[in-house]
Amino acid sequence: MTLTYHTLERTWDVIVAGGGTAGAVAGIAAARAGARVLVVEAQGSLGGTGTNAWVTPLMRNVSGGENLNRGLTEEIKRRLRERGDSAYAPNGNDNWFNPEGLKFVLEQMLLEAGGEVLYHTGVVAPLLRQKVEGSKGLRAEGKEQSAESHNPQPMAHIHSLVIHNKGGLQALRAKVFIDATGDADVAARAGAPFHAGDEDGVHQAMSLRFTLAGVDTARLYEFLQANGQWQDSPDFLHFWMVWGRKSSLEPMFRQAVDDGVLQERDGDYFQAFSVPGRAGELSFNCPRIRADLNDGADPWQLSAAQTDGREAIERLTRFCRDYLTGCEHAYIGLVAPMVGIRETRRIVGDYTLSVEDILTCKKFPDSICKNHYPVDIHSVKGGAKLLHETGGQAPYFAPDAYHEIPYRCLLPQGVANLLVAGRAASSTFEAQSSIRVQQNCHTMGEAAGIAAAWAAKAEGDVRQVDVAALQTEMRRLGGNV
Ligand SMILES: Cc1cc2nc3c(=O)[nH]c(=O)nc-3n(C[C@H](O)[C@H](O)[C@H](O)COP(=O)(O)OP(=O)(O)OC[C@H]3O[C@@H](n4cnc5c(N)ncnc54)[C@H](O)[C@@H]3O)c2cc1C
């Protein structure tokens, strides 16, 4: 049997592969910039890791008391607040949200902007036009940029994306494409170079998040207060245990391991907190998936991670019911439909952000995002490596420090009409662990969306976008670029 695909008559200016954290925002930004946009998404809702992997909160990204991400991320937060789906936690983080609310907010914003979405559809592979002449250097501040960004090799040009859904295989055409799959699926299959994992090819740990509903939070609050897990407010609970980190819950965990309720590895990372707009429900930033299953771009490992995580959730649920007062009648509210994946492929872009760039607060003429979130590696090799703002001598540890992410990190080498936004942007393993947080993915998505809409009006070459004008436009829209 020969597999055939059929090319749809309709065409778009911009197709976004993956409507997740970066992709949904990219689609909204491109549609608002006047492009005909289609977002192709494997799940049945937008938001990706933030919604379908149930990853909340938006991590704070603040420097000198200022939010470093604004623009569309601020509008999303405002809309969540208006629905009662977000909260200011007592610890000062204003970014806690209800993932189900975020799904609706993102979808409404995309549709209001005139964008379209195609759910339950997987992007299979790009179809390439023959190589075209080498792209000119990136334009920044109205000039051609340095040799560093000059890309002399011939460029592939994506003609269409083959997708798979209930209609079988189809090819969808557009002028410009944004790869927001998190795994650089499009860039990798277009032949663009990428890295994956650390120096040994080992990735950060995956987690499968879940919720417990039916929790008597008033009694749990009293219990946590009495057991050394200080709570700022009965309306917002937060508790945790990691072996060897002096958590007051450690003796309880040890007992549960001795009782055969938990396994030793269940205490490698355990964290739970309230969810805005969902009284009586706790969201868990765990379990961590078995260490040998760490490649979220390997479908067999991904599937095994789901099974492994579900078994761990059974153990953790029993632990909460049997050992934590207030959880006696708790039940599993949901298991996230997506496994939480921190890192897989990272493109080799026209610039690769390094940890040195972060620690020295490097600024770039083509900056599209500012970051002050620390390097945060959830290593399967043992523990978590977190470089806190207060922990070092480098310029980055000053409270008003930040570094920038250049537009070139979104440009996969060798492809003319493709941008990559989100956790797969061009960065080293360590640098990725810092820039991957959700608000940075929003801002990268916003930059990619506007740039793609503009490139679609010209010949589709994303290296011809006037980055100075892009920065001005992002600022005009409220961005902190
Ligand atoms: C367990 C965990 C905890 C975290 N904690 C925090 C936190 O507290 N705060 C914070 O700010 N960040 C946190 N992060 C990091 C952050 O959530 C992610 O780095 C970020 O959301 C990734 O965004 P993205 O757009 O790159 O990918 P995603 O949001 O994952 O989006 C990718 C989208 O593409 C779709 N897709 C993938 N492949 C295809 C395909 N072939 N065809 C069609 N669709 C496809 C997916 O369904 C998904 O919707 C955490 C991450 C994890 C995993």
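The following dialogue concerns a predicted model of a protein with a ligand.

Trainee: What makes the protein as compact as a globular protein of its length?

Mentor: The protein has eleven helices and 24 strands. Its radius of gyration is 22 Å, and the globule rule gives 23 Å for 481 residues; the two values are close, so the protein is as compact as a globular protein of that length. The C-alpha trace spans about 65 × 60 × 45 Å along the principal axes.

Trainee: How do you know that arginine 436 makes a polar contact with the ligand?

Mentor: The cut-off for a pair of N or O atoms is 3.5 Å. A polar backbone atom of arginine 436 is 2.7 Å from an oxygen atom of the ligand, so the pair is within the cut-off and counts as a polar contact. Glutamine 438 also has a polar backbone atom by a ligand oxygen, at 2.9 Å. For alanine 42, a backbone N or O atom lies 3.2 Å from a nitrogen atom of the ligand. Both of these distances are within 3.5 Å as well.

Trainee: How much of the ligand does the protein bury?

Mentor: The ligand taken alone exposes 1000 Å², and the protein buries 94% of that. Elements that give two or more residues to the shell are α1 (21-32), β8 (122-132) and α10 (438-457).

Trainee: Which residues come nearest to the ligand, and how does the shell divide by residue type?

Mentor: Of the 35 residues around the ligand, Thr21, Glu41, Thr49, Pro57 and Arg436 come nearest. The shell divides into 13 nonpolar, 16 polar and six charged residues.

Trainee: Why are β15 and β18 called edge strands?

Mentor: The order in this open sheet of five strands is β15-β16-β17-β14-β18, with antiparallel pairing. β15 (238-241) and β18 (331-335) each pair on one side only, so they are the edge strands. Neighbouring strands of the sheet are turned by 20° against each other on average, direction ignored.

Trainee: How do you know that β16 and β17 pair?

Mentor: Pairing needs at least two bridges. Strand β16 (residues 270-274) and strand β17 (residues 282-284) have three bridges, in the antiparallel sense, so they pair. Alanine 272 stands opposite phenylalanine 284 in β17.

Trainee: What makes β12 and β2 partners of β1?

Mentor: The same cut-off of at least two bridges applies. β1 (residues 6-17) and β12 (residues 168-179) pair in the parallel sense over eight bridges, and alanine 17 has aspartate 179 in β12 as its bridge partner. β1 and β2 (residues 37-40) pair in the parallel sense over four bridges, with valine 37 in β2 as the bridge partner of valine 14.

Conventions:
Residues are numbered from 1 along each chain as its sequence is written. This is a predicted model: local features need pLDDT of at least 70, side-chain atom pairs count only at pLDDT 80 or more; totals for chains, interfaces and linings use all residues. Side-chain values use heavy atoms; hydrogens and water are left out. A residue is near a molecule or strand if one of its heavy atoms lies within 4 Å of it. A polar contact is a pair of N or O atoms within 3.5 Å; within protein, one must be able to donate a hydrogen and the other to accept it, and residues adjacent in sequence count only if both atoms are side-chain atoms. Accessible areas come from the Shrake-Rupley method with a 1.4 Å probe; for residues, only the protein chains shown count as cover. Ala, Val, Leu, Ile, Met, Phe, Trp, Tyr, Cys and Pro count as nonpolar, Asp, Glu, Lys and Arg as charged, and the others, Gly among them, as polar. Axes are lines fitted to C-alpha atoms, for helices over the stretch in contact, and angles run from 0 to 180 degrees between N-to-C directions. The radius of gyration is taken over C-alpha atoms; the globule rule is 2.2 Å times the number of residues to the power 0.38.
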